[in-house]
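Me: I've got a model open and want to know what backs up the labels people put on it. Can you walk me through the reasoning?

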Amino acid sequence: MRLENKKAIVTGGAGGIGRATCLALAAEGAEVAVVDLNQQAAQAVADEIRAAGGSAIAIGADVSSEADITRVVQTAVDAFGTINIVHNNAGIIRRTTALEIDVDEWDLVFGVNVRAIYLMCKHVVPIMAAAGKGSIINTGSGWGLKGGGRALSYCASKGAVVNMTRALAIDHGPAGIRVNSVNPGDVNTGMLRDEARQVAQEENSFLAESADRPLGRMGEPREIAAAVVWLASDESSYVTGSALVVDGGGIA
Ligand code: NAI
């Protein structure tokens with residue numbers, strides 16, 4: 001049990017990577033607040049954790065809203081007493097170029113992928129700083145490090161996640177707070193299937209392209225969750241500001 005007595009918030013906790021992280025954190029002993037726009041699905045993940053003997057609550061929230069983030073943090077503190085770990089993981093993708101995306105969609109992507117992280121940090125950093133310790137893990141993307149085709153807002157937003165992680169690490173390291181990003185390649189979740197729809201490509205051929213990397217397959221959510229657990233735990237006590245890539249060797 002690497003996370004005994006730790007209290008965690010996971011956003012996008014009902015989705016592929018978020019659910020896997022919630023289960024993995026709970027399996028290591030953490031109490032978990034499962035946060036998602038889809039409250040019913042978040043509740044199902046919390047129920048799954050409880051059924052396995054863990055401790056979890058579900059909170060329905062839009063992470064791009066400051067009112068919702070305030071409520072999430074307050075609810076988690078009321079339930080658990082404090083917050084030690086945050087996985088800022090909720091994210092959306094729009095497979096559009098600059099010529100195709102409109103301003104509202106651009107703002108939506110940045111609201112969920114970027115503003116939400118700033119808002120969460122604004123509200124949890126004081127709690128972690130008071131304890132002199134905390135670990136924040138932000139989900140970036142391989143496309144936040146190297147770019148990708150027909151996903152301008154997503155690539156820009158994930159690049160922002162990687163660099164805001166470094167800035168947050170610099171600002172709050174002296175308070176004992178570590179901030180890192182985990183950057184997946186293609187992972188077997190609903191987002192990948194949604195992308196296939198958005199680019200109007202047949203799902204199986206789209207997913208097959210995800211296997212075109214040295215390890216010859218796409219990633220599974222639990223493989224991202226394992227990296228998050230490590231970054232959340234004291235095993236990574238000298239790691240901050242880093243961009244950990246978990247992508248099966250998506251080098252090109
Ligand atoms: P997913 O679509 O399965 O999960 C995303 C979750 O975020 C969903 O449960 C959704 O309801 C929630 N969400 C969306 N907007 C929200 C909002 N405004 N407030 C609260 N929750 C909201 O996708 P997946 O793959 O699990 O994605 C998790 C993270 O991983 C995202 O940040 C994504 O960009 C990133 N990622 C995913 C990759 C992949 O291949 N699946 C690759 C690289 C990064």
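**Labels and what backs them**

Reply: Sure. This one is a predicted model. Let's begin with the shell around the ligand: by class it has 12 nonpolar, 13 polar and three charged residues.

Me: Which residues of that shell are the closest to the ligand, and how many surround it?

Reply: The ligand is surrounded by 28 residues, and the closest are Gly-12, Gly-15, Gly-91, Thr-189 and Met-191. As for elements, H1 and helix H7 (190–198) are the ones that give two or more residues to this shell.

Me: Why is H1 called largely enclosed by the rest of the structure?

Reply: Count the residues: 11 of its 12 are buried, so the label fits. Among them are Gly-16, Arg-19, Cys-22 and Leu-25.

Me: How do you know what span to expect for H1?

Reply: Helix H1 covers residues 16–27, and at 1.5 Å a residue the expected value is 16 Å. From first C-alpha to last, H1 reaches 17 Å, which is close to that. After H1 comes Gly-29, with a positive phi near 105°.

Me: What makes Arg-178 count as buried?

Reply: The cut-off is 20 or more other C-beta atoms within 10 Å. Arg-178 has 24 C-beta neighbours inside 10 Å, so it counts as buried. Arg-178 sits in strand S6 (residues 177–184).

Me: Which residues is Arg-178 in contact with, leaving aside its neighbours within four places in sequence?

Reply: Those are Ser-135, Ala-169, Val-239 and Thr-240. Also, the C-alpha atoms of Arg-178 and Gly-134 are separated by 6.2 Å, though the two residues are 44 residues apart along the chain.

Technical notes:
Residues are numbered from 1 along each chain as its sequence is written. This is a predicted model: local features need pLDDT of at least 70, side-chain atom pairs count only at pLDDT 80 or more; totals for chains, interfaces and linings use all residues. Helices (H or I, at least four residues) and strands (E, at least two) are DSSP runs, numbered from the N terminus. Two residues are in contact if their C-beta atoms, placed from the backbone, lie within 7 Å. The expected span of a helix is 1.5 Å times one less than its number of residues. A residue is near a molecule or strand if its C-beta atom, placed from the backbone, lies within 6 Å of it. Ala, Val, Leu, Ile, Met, Phe, Trp, Tyr, Cys and Pro count as nonpolar, Asp, Glu, Lys and Arg as charged, and the others, Gly among them, as polar.
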